[in-house]
Amino acid sequence: RRKFTLIYNQNEDIIFSKREKHYYYLFAIAICDFIQKFLSFIYIGLDNFWILDIPCIIIFSLFILKMKLYMHHLISLVFIILFGIVLNIIYFFQIKAEIELFFKIINTLIIEIIFSLEIVVSKYAIEIKLCSPYEICLFEGIFEIALNLILLIIFTYIPFSEIKYIIRL
């Protein structure tokens with residue numbers, strides 16, 4: 001007669017313990033996405049500030065994901081920043097010097113930083129906390145529907161002429 005023993009799988013316990021506390025990250029992702037979209041829809045920002053995405057993503061990845069930077073990352077980062085600065089200088093000379101340009105730049109900086117943070121936290125939640133991308137999308141959608149319904153109720157009673165910095169299509 002053979003004696004059978006049960007094999008204990010430690011990997012399942014590790015996966016379960018990592019998945020227990022991932023709702024905080026889902027909430028942070030949803031908050032970042034909502035704030036970023038809210039600022040971009042309410043206040044008119046600048047369109048050509050994509051050069052901040054990659055440096056911000058790299059900075060957040062260094063601190064949150066503990067990612068290493070290699071020489072080809074730095075070289076491509078320098079080229080992206082240089083070409084982006086040239087495009088922004090050309091863009092700023094084509095538009096009129098507005099009084100509110102400073103506020104547009106600050107708003108766009110905040111939007112791009114929050115967007116980059118959302119991307120890095122999403123990657124952390126997927127790779128480290130083992131969240132499903134579908135779970136992130138579902139939680140973001142439910143959270144944003146709830147907040148947008150609240151904002152819809154609030155902004156329904158505010159006349160359109162009193163909102164100064166809204167995008168008028």
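The legends below describe close-up views of a predicted model of one protein chain.

**View 1. The chain as a whole is built from helices, following the pattern α-α-α-α-α-α.**
The chain holds six helices and zero strands. Of its 169 residues, 28% are buried. The accessible surface of the chain amounts to about 12,700 Å², and carbon and sulfur atoms account for 72% of this area. Among contacts between residues at least 6 apart in sequence, 88% link residues that are at least 24 apart.

**View 2. The largest nonpolar core of the model consists of six residues.**
Its members are Leu26, Ile29, Val121, Ala125, Cys131 and Ile136. Two helices, H2 (23-42) and H5 (101-127), each contribute at least two residues to this core. Ala125 is one of the core residues. When neighbours within four places in sequence are left aside, Ala125 is in contact with Tyr25, Ile29, Leu130, Cys131 and Ile136.

**View 3. Ile136, a member of the largest nonpolar core, is shown with its contacts.**
Ile136 belongs to helix H6, which spans residues 133-156. Its relative accessibility is 6%; because buried means under 20%, Ile136 counts as buried. Apart from neighbours within four places in sequence, the residues in contact with Ile136 are Leu26, Ile29, Ser122, Ala125, Ile126 and Cys131. The pair formed by Ile136 and Leu26 brings together two distant positions of the sequence: 110 residues separate them along the chain, while their C-alpha atoms are 6.1 Å apart in space.

**View 4. Phe34 and Phe38 form a stacked aromatic pair in helix H2.**
The model contains four aromatic pairs. In the pair formed by Phe34 and Phe38, the ring centres are 5.8 Å apart and the angle between the planes is 20°. The pair counts as stacked because planes under 30 degrees apart are classed in this way. Phe34 and Phe38 are four residues apart in helix H2, so about one helical turn separates them. Phe34 has a relative accessible area of 13% and is therefore buried, whereas Phe38, at 29% relative accessibility, counts as partly exposed.

**View 5. Phe79 and Phe83 form a stacked aromatic pair in helix H4.**
The ring centres of Phe79 and Phe83 are 6.2 Å apart, with 20° between the planes. Both residues lie in helix H4, where a spacing of four residues places them about one turn of the helix apart. Phe79 has a relative accessibility of 47% and counts as partly exposed. Phe83 has a relative accessible area of 53%; because exposed means over 50%, Phe83 falls in the exposed class.

**View 6. A nonpolar patch lies on the surface of the model.**
The patch covers about 530 Å² and is made by Met71, Leu74, Ile75, Phe79 and Phe83. Phe83 is located in helix H4, which comprises residues 71-94. Phe79 and Phe83, both members of this patch, are also the partners of a stacked aromatic pair.

Conventions:
Residues numbered from 1 in each chain as written. Predicted model: local features only at pLDDT ≥ 70, side-chain atom pairs only at ≥ 80, totals over all residues. Heavy atoms only, no water. Core = buried A, V, L, I, M, F, W, Y, C linked by side-chain atoms within 4.5 Å. Buried < 20%, exposed > 50% of the residue type's maximum accessible area, 1.4 Å probe, protein only. Contact = heavy atoms within 4.5 Å. Patch = residues over 30% accessible without salt bridge, like charges linked within 9 Å, V, L, I, M, F, W, Y side chains within 5 Å. Areas by Shrake-Rupley, 256 points an atom, 1.4 Å probe, with all protein chains shown as cover. Salt bridge = Lys/Arg side-chain N within 4 Å of Asp/Glu carboxyl O. Phe/Tyr/Trp six-rings, centres within 6.5 Å; stacked < 30°, edge-to-face > 60°.
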